[in-house]
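Work through the exercises below with the sequence and the model open. Try each task before reading its solution.

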Number of protein chains: 2
Amino acid sequence: MDRRLENLHRALHPRAVAVVGARRLDDYMWLRNLSTFAGPVYSVNIDEKEIPGIEALGFQNYKRLTDIPGPVDFAVVAVPRRATPLVLQDAIAKGVAGVALFTAGFAETGEAEGRQLQETLAAMARDAGIALIGPNCMGLYHPKVGLRNHVEQPAGEAGNVGFLSQSGTHAINFSLYGASQGLKCSKVISYGNGVVLDSPDYLEYLLQDDETTVIGMYIEGVRDGRRFFEVAKRIPPRKPLLIWRGGQTEAGRRATASHTASLAQSNEVWGALLRQTGAIGVDGLEEMVDTIKALQFLKPTPGTRLGLVTMTGGPSVVITDTFAREGLEIPPLSEASYARFRTFFNIIGGSYQNPIDMGMNWAGENFEEILRVLRDDPHVDAVVVDLPLTFLLRRMALRPDFKARLFSCLTEMRQHDDKPLLAVVGFSPFEKEEVDFRRELLALGVPAFHNFARAARAFRHVSAYARFRARLAQEGG
Amino acid sequence: MDRRLENLHRALHPRAVAVVGARRLDDYMWLRNLSTFAGPVYSVNIDEKEIPGIEALGFQNYKRLTDIPGPVDFAVVAVPRRATPLVLQDAIAKGVAGVALFTAGFAETGEAEGRQLQETLAAMARDAGIALIGPNCMGLYHPKVGLRNHVEQPAGEAGNVGFLSQSGTHAINFSLYGASQGLKCSKVISYGNGVVLDSPDYLEYLLQDDETTVIGMYIEGVRDGRRFFEVAKRIPPRKPLLIWRGGQTEAGRRATASHTASLAQSNEVWGALLRQTGAIGVDGLEEMVDTIKALQFLKPTPGTRLGLVTMTGGPSVVITDTFAREGLEIPPLSEASYARFRTFFNIIGGSYQNPIDMGMNWAGENFEEILRVLRDDPHVDAVVVDLPLTFLLRRMALRPDFKARLFSCLTEMRQHDDKPLLAVVGFSPFEKEEVDFRRELLALGVPAFHNFARAARAFRHVSAYARFRARLAQEGG
């Protein structure tokens, strides 16, 4: 591992941390973010007006990084841009392994002063081999050791999802929204302008990190396309790599220039990169989280043939259109399945051709039996069940045992792990109850999605990635 | 108005209603649905085992429709399919104006018996001129008079949104989800197989209904294409018509056959119909509700040039990509606007080219001033503000007056009604708080959408419809 990556590793596992430039205006955000870190957290601030507030929070303040007595492996720097070279100089002198530069106002402003300052910082960091993260970034989130960049992030538990982002907001939203959807992060790195350590470095780091088994990234542009490609193509054979790209339109590319001064590549270049590397292209935070959720909770399934189950007829049409438009199949079932259905399924108000419109077959043991037929059918690779609360809340209110039976039936299906089971819980007026219900299903091991389109897209990606891995295995064998 | 439509009108404004076939198995669903109807609700049931339960709920039960002493204008029929001709015969004899046939098991089963029964009912209804709604449907929801087809639907208040659906579930979901998003329905009609009264009849009725100012529909197939087109083309010049189509894929068309026995038309035919009529094609319940919400809360705006405002940089890129992909423009602002921005906008960590990445400009009066600049800019037709709770909840906790200032600023913007203002509140882990916050914004008159894509799609439709109306006005003038 090269020296800068060793330093990044040390910064992610620090003995002590310093916050340079904590201030009342943002309620001492960075000091509060680090409240979950077990080791010492020092403040560095020269502003006499800020020091009393910092000390009142219980932090020891120093005037300079070099004044701190013990070792400091990681520093978050949030000082005005003109002060950043001095702080970086002190960090290098102190032997700090990594600096996350929250400060903005560099090349992304389009101004000469900002560009010049960025070049100065980059040259200093390169000479010293220090891991400069940013500038214009939220830096590191490493839940296991309690390094955070937002006060709402969970800490203390190890995770397996790595995430890289040129946007601090997307990094934080990923960590928070992901946590709400059952994902546990290993390391999340927001790297903004990425002037010293850039996307290929972070990808390399997460590739080698055994705790990380899946990598997502939000990227606005690549400085060294060849190097990016060389790293990116080594990842999907070992772990899924999901790429969400900002700047897909001309207007969006103008926005990336103002945001991280990135030079965006064309859609054609990115399309070719995805095809050649086996990376999964996703569009937006929701698709990113949904797909990783599906990768986490579903067995890898190269198949594309779905068994679709809804409570009523209208949704059976719409779920079918939605999955078919994602290039997935909704095939006729086997003759054996139809023979089984004929023995018990009431087709008045329902149908079982696939999609399965349950109609009145909800009652009795039919729900269980419908899922068993699909589980056993050799024409079906995965099963999707629509669980709309508009319908279910009333059932649950009327029949006290309804929910327990539904859950035990889903659990039975889930334990036959050979066939993935997805649920959809969405677009009812009971939006709050949906949040809880999706969580309950996830606790059973059944990933629940917000609507048909999100479930279909996530499954398509999981299935495509499984085919990619299967092809590799075949070529290797 | 032809006789069947007169009868439909009378069924929608009944003196009394009868439920034929109420039963314990579904907890007397139809009787309970009608608890909000002010006039008499009678039960008709011949099953001795059901009668005590019905009477215990306080309903008078009769053995036959013709036994009811007073007039009955509307009947919901939920008896086994073989009993339906007898019940329809009684309804005709009784002078009932309209019958909603909840019973399924007709042509959509693909069986000879079901097809035959459907033909029998259709012939009887046509001869008598009775408004037969369905079969295989949820019938009527007319909130103003308390006719409902789901116990959660609001009642007692008049509304302006008409909705037609071949799916009962979509009709109910529309009414419930729509209500949660601030829509008030005038009449919602679920008509299932649509064998006597069909989509052109219902469209004609809602076109003539002055209470209905916008019409949405979910449709799986059209029996008489010429007639459908003739009615449909008369609507958009007077009120927006939104069409959501089930059966857009081959697999989806197989599902529509099992659902309502509809013969689906090709995507090309529907594409041509939308172009030639000026109807708005939407895809899914969410897009239907979002678009009607936008039509309700935004001034008609033929323009396509957006001013986009986000709190931070990453979302500024993504919102721009999202709106640009919908064919909307994010233009540079006027020189006058840039001159104003230069006087106060801190570009360190922010940018104002459009999109506006506010960065630290949230503080002080800058938020207000940013919106005022966009309001005054002649290059901008509408403004979209991203209000992510991950960011806002902390601000609101830290600064007690923050929310009041934000709301007064949005209200100020909103009162300058010449330029539509849209908000986006979404994809944070605070999904429940988002539900409340969107409602609060709606109460200010600011429609809030769940994500960028949903806002962009809704605005595109509003803008396209305003251009359609403007062209018509020009041709007329």
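**Exercise 1: a sheet in chain B**

In chain B, five strands form an open sheet in the order β14-β13-β15-β16-β17, with parallel pairing. The edge strands are β14 (356-357) and β17 (448-449) of chain B; each has a single partner strand, so one side of each is left without a neighbour in the sheet. Strands are DSSP runs of E with at least two residues, helices are runs of H or I with at least four, and both are numbered from the N terminus. Two strands pair if DSSP finds at least two bridges between them.

This is a predicted model, in which local features need pLDDT of at least 70 and side-chain atom pairs count only at pLDDT 80 or more, while totals for chains, interfaces and linings use all residues. Residues are numbered from 1 along each chain as its sequence is written, chains are lettered from A and ligands numbered from 1 in the order in which they are written, and side-chain values use heavy atoms, without hydrogens and water.

Task: find how many bridges join β16(B) to β17(B).

Solution. Step 1: locate β16 of chain B at residues 421-424. Step 2: count the bridges to β17(B); there are two, and the strands run parallel. Step 3: look across from B:Val424 to B:Phe449 in β17(B), which stands opposite.

**Exercise 2: the sides of a helix**

Task: state which residues of α10(B) are buried.

Solution. Step 1: apply the cut-offs for relative accessible area with a 1.4 Å probe and protein chains only: buried is under 20%, exposed over 50%, partly exposed in between. Step 2: in α10 (residues 267-277) of chain B, the buried residues include B:Trp270, B:Ala272, B:Leu273 and B:Thr277. Step 3: these cover an arc of only 160 degrees around the axis, which puts them on the same side of α10(B); the arc is taken from the directions from the helix axis to the C-beta atoms. Step 4: the face turned away from the buried side carries the exposed residues B:Glu268 and B:Arg275.

**Exercise 3: a buried charge**

Task: find which side chains make polar contacts with the side chain of B:Glu220.

Solution. Step 1: place B:Glu220 in the loop between β10 (214-219) and α8 (225-232) of chain B. Step 2: B:Glu220 is buried and has no salt bridge (a side-chain nitrogen of Lys or Arg within 4 Å of a carboxyl oxygen of Asp or Glu). Step 3: the nearest side chain of opposite charge (Lys and Arg count as positive, Asp and Glu as negative; His and the chain ends are not counted) is B:Arg223, 10 Å away. Step 4: polar contacts are pairs of N or O atoms within 3.5 Å; within protein, one must be able to donate a hydrogen and the other to accept it, and residues adjacent in sequence count only if both atoms are side-chain atoms. Step 5: the side chain of B:Glu220 makes such a contact with that of B:Tyr218 at 2.7 Å, and another of 2.7 Å with that of B:Thr260.
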